[in-house]
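Let us take a walk through this structure together, one place at a time. Keep the sequence and the 3D view open as you read.

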Amino acid sequence: MSGLKLRGVRKSFGSVEVIKGVDLDIASKEFVVFVGPSGCGKSTLLRMIAGLEAITGGELHIGDELMNDVDPSKRGIAMVFQTYALYPHMTVRENMGFALRFAKVPKDEIKRQVDEAARILELGPLMDRRPKELSGGQRQRVAIGRAIVRHPEVFLFDEPLSNLDAELRVHMRIEIARLHKELKTTIIYVTHDQVEAMTLADKIVVLRDGVVEQVGTPLQLYDNPDNLFVAGFIGSPKMNFLKGIMENGAVRLPDYENRIVPTGVRAADGTPVTVGIRPEHFKEGGSAALPLTVDIVEHLGGETYAYARHGNGDLLTLATGNDRAVGSGDSYEAKFDPASMLIFDAGGLRIR
Amino acid sequence: MASRVVVREHINGWLFIAPALILLGIFMIYPIIWSLWMSFQTGRGMNFSFGGLANIQRLFADTVFLRALGNTMIFLVVQVPIMIILALLFAVALNDTKLWGRSFFRTAIFLPCVTSLVAYAVLFKSMFSAEGVVNATLVGLGLDPVPWLTDPFWAKVLIIMAITWRWTGYNMIFYLAALQNVDRSIYEAARIDGVPPWARFLYITLPMLKPVILFTTVISTIGTLQLFDEPYNITQGGPSQATLTLSYYIYDLTFRFMPSFGYSATVSWVIVVLVGILTFVQFLVAREGRRA
Ligand SMILES: Nc1ncnc2c1ncn2[C@@H]1O[C@H](COP(=O)(O)OP(=O)(O)OP(=O)(O)O)[C@@H](O)[C@H]1O
Ligand SMILES: [Mg+2]
């Protein structure tokens, strides 16, 4: 099994630079998720690893080998596409065995491999159907099966679940996690869904505009984001951002009656900062509080979200646990622990 | 019972298509029925009488007809496959995003089928004449000149080259359109999986284009069975009837010789029957292929 090493990897389409120097180490057997907003270059980076896009600059190693100019079929990778990319005129069995025919694998060995993949993915009864006779989730499993039979060192997934409905997505997410346990290979997985990223990844790579913003485990990114972008991107619902000004080792919140919240973070007096508080960090018993009026309440049963604001200020999201008493129009003292605040400077970088 | 609204909608509908129906009736359906009736008439010029199956008997004894039928079949069997394969290869090549000057080549290859027929025929005739550019080039390369217009075999070759030149681009457009609808990631998946380019063409492109290939084959078959323009303008059916086609023969029967309208209608119906049979066979073959 092999890991990957990217050093200063760049990609330009004509004069437009899309990937602007990516350095990344991926360990063998690691499940890595590339996440970021639409157009940030996730697919492009994945396709460069696959060899479908030429690398404009930098180095790509898979295992110990420099792969920049190696043919896609010789990189020890297999890829699962968002559109499944199944061969429409072939049955499930033919789809999965097709590539092996050209790898000079004997017929009975192909059959054995395909049957094994079918067992893992529970495709048994579907083997003689054509792709158009399958549901979206089944097609996705066939596409994964087609990748499995090649025994790649590295699996590449490009938004494999985004064409599925919500329920199936959760189901397939669990399947993929199980598959990773069973196959013990390196997986690189692209998504713009941060929940998928949080649940699947050993390591998340947050991309923005062709630049890696932060790399870390899901909880590192959640607890300890390096900048405003990562803080806002990871976590659902999104983190709340408040304007603040540093004064005497505390933050003054001008939009909230100039309330002063003590903080351990050090910065010069008068520094304008952005304060980040996650919705779930508003808790009874916190020593700081924001005076708010509840605007809208969403009861999800196990969780109640209140959207509240002070005066005409920005709407904040509060996870109130299971506080079913909150109602629209109520005044609400949103308590929180000052230690749970994250503080960012004017450039969006975290001040620790 | 249909409600009043439904009845009114029906009347409206028929009124809308009436002009088209009337024109089609006068200029297509009536002549077709008339020609079917004519095909059982014998006699020359305007005095004809019902002859029963006499015209059909005449077909089998008519060496010129048999000649024309043979020539048409040769054109069909040789030209259609060559053209379809060429069109496919061009389409696949010109679908490659990395190819330089794609749109220029696409236009260049498509252009022949919209150029003036007579202009191109005159040009072909002069290029392939005994002392034309083509022979001059052949001689320049140290080869023997070819009697394009005077040898029965080479005249057929010339006609085949001419129709292939004119219609390959037309068929290519259909394949290009079909190829552009194919999800690109199918080919990318095949590339990653190590499927060699020839196998991608043979096992992925061809099967996916099958419906379009069937369509173009049927259209080309019909076109070639009705072949007239090129033999008329380039070789005048010669030399010694080597490029005489069924349509050309119908023309001769109707307008050149002492007109024999009944018999020429019979020959026209031979083409109709051939088109019917061949189209049926092609659909059958396509269906078999799908089941296998
Ligand atoms: N072949 C191409 N030619 C020119 N620009 C391209 C090409 N492919 C991608 N781009 C550009 O590169 C940028 C990154 O595209 P990419 O597909 O990698 O985004 P992504 O992160 O996968 O987005 P999404 O989540 O929408 O799939 C985009 O701005 C896109 O317009
Ligand atoms: Mg993408």
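Our starting point is a pair of charged side chains in chain A: A:Arg112 forms a salt bridge with A:Glu109, with 3.2 Å between the closest N and O atoms. Keep in mind along the way that this is a predicted model. Both residues sit in helix H3 of chain A, three residues apart, which is about one turn of the helix. A:Glu109 is partly exposed, because its relative accessibility of 25% falls between the limits for buried and exposed. As background, side chains of opposite charge can pair when their charged atoms come close.

Stay on helix H3 of chain A for another pair. A:Glu116 and A:Arg119 join their side chains in a salt bridge of 3.1 Å, N to O. These two are also three residues apart, so about one helical turn separates A:Glu116 from A:Arg119. A:Glu116 is partly exposed at a relative accessible area of 36%, while A:Arg119 is exposed at 51%. Elsewhere, salt bridges with shared partners link A:Lys11, A:Arg47, A:Glu53, B:Arg184 and B:Glu188 into one network. Over all chains, the structure holds 22 salt bridges.

That network leads us to the place where the two chains meet. How many residues does each chain bring to the contact? Chain B brings 20 residues and chain A brings 24 residues. Together the chains bury about 1700 Å², with 63% of this area on carbon and sulfur atoms. On the side of chain B, B:Arg191, B:Ile192 and B:Asp193 supply 37% of the area buried against chain A, more than any other three residues.

Two salt bridges are found across this interface. In one of them, the side chains of B:Glu188 and A:Arg47 come together at 2.8 Å, N to O. This pair crosses between chains, running from helix H8 of chain B to helix H1 (residues 42–50) of chain A. Are its two partners buried or exposed? B:Glu188 is buried, with a relative accessible area of 10%, and A:Arg47 counts as buried too, at 12% relative accessibility.

The side chains of A:Arg150 and B:Asp193 also meet in a salt bridge, at 3.1 Å, N to O. There are six residue pairs in polar contact between chain B and chain A, both residues of each pair having pLDDT 80 or more. Helix H8 (184–192) and helix H9 (197–225) of chain B are the elements that give two or more residues to the side of chain B that touches chain A. The largest share of that side, eight residues, comes from H8 of chain B. By residue type, the side divides into 12 nonpolar, two polar and six charged.

B:Asp193 deserves another look. Its place is the loop between H8 and H9 of chain B, and its relative accessible area of 8% makes B:Asp193 buried. Apart from neighbours within four places in sequence, B:Asp193 is in contact with A:Ser73, A:Tyr87, A:Ala99, A:Arg146 and A:Arg150.

One of those contacts, A:Ala99, is among the buried residues of helix H2 of chain A. Why can this helix be called largely enclosed by the rest of the structure? Seven of the 10 residues of helix H2 (residues 92–101) are buried, so the helix is largely enclosed. Its buried residues pack against helix H3 (107–121) and helix H4 (136–148) of chain A, together with H9 of chain B.

Now turn to chain B by itself. The domain assignment gives domain 1 (2–38) and domain 2 (56–291), and their C-alpha centres lie 35 Å apart. Four residues of domain 1 are in contact with four residues of domain 2. The two domains of chain B bury about 350 Å² between them, 74% of it on carbon and sulfur atoms. In domain 1, B:Ser35, B:Leu36 and B:Met38 lose the most area to domain 2, together 89% of what that side buries. Zero salt bridges are found across this domain interface, and one residue pair is in polar contact there, both residues at pLDDT 80 or more.

A last stop is the backbone. The peptide bond from A:Ser236 to A:Pro237 is cis, with omega near -5 degrees. A:Pro237 lies in the loop between helix H8 (228–233) and strand S11 (240–247) of chain A.

Definitions and conventions. Residues numbered from 1 in each chain as written. Chains lettered and ligands numbered in written order. Predicted model: local features only at pLDDT ≥ 70, side-chain atom pairs only at ≥ 80, totals over all residues. Heavy atoms only, no water. Contact = heavy atoms within 4.5 Å. Buried area = accessible area lost by both parts, 1.4 Å probe. Salt bridge = Lys/Arg side-chain N within 4 Å of Asp/Glu carboxyl O. Polar contact = N/O pair within 3.5 Å; in protein donor to acceptor, adjacent residues only side chain to side chain. Helix = DSSP H or I, 4+ residues; strand = E, 2+ residues; numbered from the N terminus. Nonpolar A, V, L, I, M, F, W, Y, C, P; charged D, E, K, R; others polar. Domains from an automatic or database assignment. Buried < 20%, exposed > 50% of the residue type's maximum accessible area, 1.4 Å probe, protein only.
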